[in-house]
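Reader: I'd like a close look at a single part of this one before I do anything else with it. Could you pick up the place where the two chains meet and walk me through it, along with whatever sits around it?

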2 protein chains.
Amino acid sequence: MAVNLKTMMEQVAQDIDRLFAEQLPVPEDPRRRLVEAMRYAAIGGGKRLRPLLVVATCALFNVDREAALRVGMAIECIHVYSLIHDDMPCMDNDDLRRGKPTVHKAFDDASAVLSGDALQALAFEILSEEKIHTDPHVRLELIQALAIASGKDGMVGGQAIDLAAETSTVPFDLPTITRLQQLKTGALFGFCLEAGAIMGRQNKDIRDRLKAYARDIGLAFQIADDLIDAEGDEAVAGKAVGKDAAAGKATFLSLLGLEKARSQAQALVDQAIAHLSVFGSEADYLRSIARYIVARDH
Amino acid sequence: MAVNLKTMMEQVAQDIDRLFAEQLPVPEDPRRRLVEAMRYAAIGGGKRLRPLLVVATCALFNVDREAALRVGMAIECIHVYSLIHDDMPCMDNDDLRRGKPTVHKAFDDASAVLSGDALQALAFEILSEEKIHTDPHVRLELIQALAIASGKDGMVGGQAIDLAAETSTVPFDLPTITRLQQLKTGALFGFCLEAGAIMGRQNKDIRDRLKAYARDIGLAFQIADDLIDAEGDEAVAGKAVGKDAAAGKATFLSLLGLEKARSQAQALVDQAIAHLSVFGSEADYLRSIARYIVARDH
């Protein structure tokens with residue numbers, strides 16, 4: 001690696017944990033269990049890939065790092081809430097997440113619903129605060145972009161298509177799976193890069209390049225996830241594996257086959273990096289992240 | 001009634017239905033079911049009490065009615081999502097809401113989770129738009145206030161206390177029930193009045209009076225709800241009744257007794273109206289709403 005991505009990842013993960021711990025003090029009243037469930041899900045887990053993308057993008061434009069981390073925390077609120085709800089028995093019914101019992105297992109289903117709901121509200125509360133940026137237009141633009149990226153036309157829309165796939169009589173084809181994944185995971189990745197561009201007040205050309213990078217690494221990320229599900233180790237992945245094949249679900253892997261899926265992921269990473277050609281070494285972290293995304297084992 | 005509240009309620013209900021229908025076109029793709037679940041829950045039901053409060057408060061300050069309705073729609077997104085999630089089997093497990101099957105009954109549990117999640121995101125998307133107000137500070141203030149009123153320190157916090165009540169070995173006392181209800185329903189009522197004051201750019205004194213009105217009608221509303229649960233007719237209420245007693249749950253009614261609960265609700269209404277003494281006849285709608293809140297049968 002040209003830059004030390006591992007050190008940066010560890011630092012971002014530590015900072016996000018610190019911010020969550022500050023943001024979520026445990027109250028001495030009956031809301032205790034709710035806030036403990038929020039902390040359980042939000043603190044001390046995950047790769048923090050989305051906050052990392054925000055921090056790495058903001059660094060291109062010399063945006064204050066603490067502000068970038070706070071935007072990263074807001075996105076992580078959305079990502080974590082979606083995992084809590086997605087793991088519930090009525091959704092994917094997963095018992096293990098980030099190497100520990102899922103929220104509905106460690107607490108209960110009702111706490112899973114409520115802690116997810118409260119984390120979503122927290123995301124928008126964080127972005128509305130002056131600590132993000134003194135210019136209200138910047139904050140509003142972030143809020144609007146996150147609401148769209150996480151709602152029916154973004155992440156939740158993608159989850160709904162995923163749900164429809166399970167009951168569909170014909171397996172989904174490649175264009176449908178691509179669209180599903182672009183919404184389900186791609187929209188939030190896109191927001192991470194867009195947020196950096198908004199914070200850095202960049203023009204449309206730069207925004208489009210960063211969004212193109214995000215689209216490519218989003219799909220590469222999903223193919224890598226399919227490979228982990230097919231070939232990975234549960235202990236390393238920190239979650240159940242082999243689920244797609246067991247469910248007979250159409251994935252990039254089932255549609256492309258192992259070899260083509262691998263080469264496609266690599267092609268997407270190369271393409272993502274090509275979109276960064278206008279930047280110099282200041283974009284080396286983003287380049288490293290793109291490579292890491294297909295090389296990871298969890 | 002000094003003013004024709006019934007006509008105003010019908011008009012607001014019709015306007016909110018229109019706005020939701022415009023906001024939620026059904027897509028011709030696999031997200032169809034998600035959006036249909038959102039429409040099913042959001043259109044054509046309920047008293048629209050919260051939008052009514054926003055419109056009546058905004059009218060005090062000559063705020064554009066269409067903008068007030070859009071703020072009302074955002075609050076209704078939050079209210080409706082909380083009902084969808086609250087009705088789920090793992091929460092209150094209710095089959096009937098607003099006189100028709102609940103979302104998880106008419107659709108399925110996963111659609112209930114996702115449609116609620118998407119409605120929450122939609123609330124913040126709506127408030128971020130320029131149609132609400134040209135001044136970004138006004139929009140940001142609304143977003144921040146709604147995020148707090150609906151999250152762990154507001155509505156969801158109240159639901160979490162409600163959940164704790166069910167597993168508590170000692171029944172909750174009056175101060176705890178009051179706090180629970182102030183968060184669970186009071187926080188959103190408070191936001192309705194605060195939103196009107198924010199849109200009307202009112203000073204702290206006016207805001208405090210309107211917040212005091214909201215606090216009082218919020219508690220009166222909850223006592224009235226307890227009375228409907230104890231004495232109401234399921235067909236008229238549009239939801240299951242008699243649930244509190246069956247669950248042995250501490251409520252205002254169980255703690256105060258029937259007679260004292262009734263007189264307490266009336267005292268709260270009188271007190272709420274007293275907070276409006278600085279206003280002339282332009283506040284007659286808010287006065288009528290306060291009276292309606294304890295007189296209603298659903």
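Author: Sure. One term first: a residue is called buried here when its relative accessible area is under 20%, exposed when it is over 50%, and partly exposed in between. Keep in mind too that this is a predicted model.

Let's start with the contact itself. On chain A, 49 residues are in contact with 49 residues of chain B. Between them the two chains bury about 4000 Å², and 73% of that is on carbon and sulfur atoms. Three residues, A:Arg31, A:Leu140 and A:Lys152, supply 17% of the area that chain A buries against chain B, more than any other three residues.

On the polar side, there are four salt bridges between chain A and chain B. In one of them B:Arg179 pairs with A:Asp29, with the closest N and O atoms 3.5 Å apart. There are also 14 residue pairs in polar contact between the chains, both partners at pLDDT 80 or more. As for what chain A brings to the side that touches chain B, helices 2, 4, 6, 7, 8 and 9 of chain A each supply at least two residues. Helix 6 of chain A gives the most, with 12 residues. Sorted by kind, the residues on that side come out as 27 nonpolar, 11 polar and 11 charged.

A:Ser128 is a handy spot to zoom in on, and it lies in helix 6 of chain A. With a relative accessible area of 4%, A:Ser128 is buried. Leaving aside neighbours within four places in sequence, A:Ser128 is in contact with A:Arg139 and A:Ile143 from chain A, and with B:Leu140, B:Ile143 and B:Gln144 from chain B. A:Arg139 is 11 residues away from A:Ser128 in sequence, and their C-alpha atoms are 6.1 Å apart.

Now flip over to helix 2 of chain B, residues 32-42. Its buried residues are B:Leu34, B:Val35, B:Ala37, B:Met38, B:Ala41 and B:Ala42. Looking down the axis of helix 2 of chain B, these buried residues fall within an arc of 155°, so they line one face of the helix. In general, an α-helix has 3.6 residues a turn, so residues three or four places apart point the same way. What covers the buried residues of helix 2 of chain B includes helix 8 of chain A, together with helices 1, 4, 5 and 6 of chain B. Just after helix 2 of chain B, B:Gly44 takes a positive phi of about 75°.

Back in chain A, a couple of salt bridges within the chain are worth a glance. A:Glu28 and A:Arg32 meet through their side chains at 3.2 Å, N to O. A:Glu28 is exposed at 72% relative accessible area, while A:Arg32 is partly exposed at 33%. A:Arg98 forms a salt bridge with A:Glu76, the closest N and O atoms being 3.2 Å apart. A:Arg98 lies in the loop between strand 1 and strand 2 of chain A and A:Glu76 in helix 4 of chain A, so the pair ties together parts that are 22 residues apart in sequence. A:Glu76 is buried at 1% relative accessible area, whereas A:Arg98 is partly exposed at 25%.

Methods
Residues numbered from 1 in each chain as written. Chains lettered and ligands numbered in written order. Predicted model: local features only at pLDDT ≥ 70, side-chain atom pairs only at ≥ 80, totals over all residues. Heavy atoms only, no water. Contact = heavy atoms within 4.5 Å. Buried area = accessible area lost by both parts, 1.4 Å probe. Polar contact = N/O pair within 3.5 Å; in protein donor to acceptor, adjacent residues only side chain to side chain. Helix = DSSP H or I, 4+ residues; strand = E, 2+ residues; numbered from the N terminus. Nonpolar A, V, L, I, M, F, W, Y, C, P; charged D, E, K, R; others polar. Buried < 20%, exposed > 50% of the residue type's maximum accessible area, 1.4 Å probe, protein only. Arc of directions from axis to C-beta.
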